[in-house]
Amino acid sequence: MTRTQKEKMLAGEMYNPADEEIQMDLLATGAWLKRYNDTLGSTAEHWNALLLERLGEVGTGAVIRPPFHCDYGFNIRLGAYVYINFNCVILDVAEVTIGAGTAVGPAVQIYTADHPHDPEQRQAGLQLGRPVRIGKDVWIGGGAIILPGVTIGDNAVIGAGSVVTRDIPAGEKAMGNPARLKRRGKPLRTP
């Protein structure tokens, strides 16, 4: 049985984003984003109701302040009382899970979309996605970038402007470009 391009995308395999079904999903999300982003002066309850229309999971009290941008929405799962500030971008070709009580600063970018390293595959237009998992009660400072495949453990802190290229253990602080763990004020060398 041959899998559709969307099924391949959701499985984290190479897929062709020009596929008609995928393009239709992008158009539907674009229409939803236009409606959502036109609600800047609305209440958190109104935002929550709109998020429930498109996102894969929306916990009680979860808020995303517009403007907000994503690819599909249905791959995003928000725990209870997640707070995402203005201008967040989530490229959700794979699942993005954000645990309860996590706060995300303005202009944070979360990427699951990735591209093959082989130039022939890139020239063929193929892409792939790797999930991002963010634990409970995490703080992500404004302007941080989370790269594909990264897991951030519960209670971690990501400094503003950091580029997170690898997993961050629970309870740790990471900052910089690339983000490095900080302990007792001294950087911890990572391989």
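This report describes the nonpolar cores, one buried acidic residue, the cysteines and the salt bridges of a predicted model.

**Nonpolar cores**

The largest nonpolar core has 39 residues. Within this core, Phe 68, Leu 78, Ile 110 and Ile 152 touch the most other members. Both helices and strands supply residues to the core. Helix H2 (20-37) and helix H3 (44-54) each give two or more residues. The strands that do so are S2 (63-64), S3 (68-70), S4 (76-78), S6 (88-91), S7 (96-98) and S12 (132-134).

Ile 152 can serve as an example of a core member. Setting aside residues up to four places away in sequence, Ile 152 touches Arg 133, Ile 134, Gly 135, Val 138, Ile 146, Ile 158 and Ile 168. A second core, separate from the largest one, is made of 6 residues, including Met 9, Tyr 15, Ile 22 and Ala 113.

**A buried aspartate**

Asp 92 sits in the loop between S6 and S7. What is the nearest side chain of opposite charge to Asp 92, and how far away is it? The answer is Arg 77, at 7.5 Å. Side chains of opposite charge can pair when their charged atoms come close. A salt bridge requires a nitrogen-to-oxygen distance within 4 Å. Asp 92 is buried but has no salt bridge.

The side chain of Asp 92 does have a polar atom 3.0 Å from the backbone nitrogen of Asp 71. Asp 71 is also among the contacts of Asp 92 when neighbours within four places in sequence are left aside. The other residues in that list are Cys 70, Tyr 72, Gly 73, Phe 74, Asn 75, Ile 76 and Thr 112.

**Cysteines**

How many disulfides does a search of the whole structure find? The search finds 0. For Cys 70, the nearest cysteine sulfur belongs to Cys 88 and is 9.4 Å away. For Cys 88, the nearest cysteine sulfur is in turn that of Cys 70, at 9.4 Å. A disulfide needs two cysteine sulfur atoms within 2.5 Å, so a pair must meet that limit to count. Neither residue is in a disulfide.

Are these two cysteines buried or exposed? Cys 70 has a relative accessibility of 10% and therefore counts as buried. Cys 88 is buried as well, with a relative accessible area of 0%.

**Salt bridges**

The whole structure contains 6 salt bridges. The table lists some of them.

| Pair | N to O distance |
|---|---|
| Arg 3 and Glu 13 | 3.0 Å |
| Lys 34 and Asp 38 | 3.4 Å |
| Glu 53 and Arg 35 | 2.2 Å |

Arg 3 and Glu 13 form one of these pairs. Arg 3 belongs to the segment before helix H1 (5-10) and Glu 13 to the loop between H1 and H2, so their salt bridge ties together parts 10 residues apart in sequence. Arg 3 is partly exposed, with a relative accessible area of 37%. Glu 13 is also partly exposed, at 33% relative accessibility.

In the salt bridge between Glu 53 and Arg 35, the closest N and O atoms are 2.2 Å apart. This pair links distant parts of the chain, because Glu 53 is in helix H3 and Arg 35 is in helix H2, 18 residues apart. Glu 53 has a relative accessible area of 47% and is partly exposed. Arg 35 is partly exposed at 42%.

Lys 34 and Asp 38 also form a salt bridge, and both of these residues are exposed.

Key:
Residues numbered from 1 in each chain as written. Predicted model: local features only at pLDDT ≥ 70, side-chain atom pairs only at ≥ 80, totals over all residues. Heavy atoms only, no water. Core = buried A, V, L, I, M, F, W, Y, C linked by side-chain atoms within 4.5 Å. Buried < 20%, exposed > 50% of the residue type's maximum accessible area, 1.4 Å probe, protein only. Helix = DSSP H or I, 4+ residues; strand = E, 2+ residues; numbered from the N terminus. Contact = heavy atoms within 4.5 Å. Lys, Arg positive; Asp, Glu negative; His and termini not counted. Polar contact = N/O pair within 3.5 Å; in protein donor to acceptor, adjacent residues only side chain to side chain.
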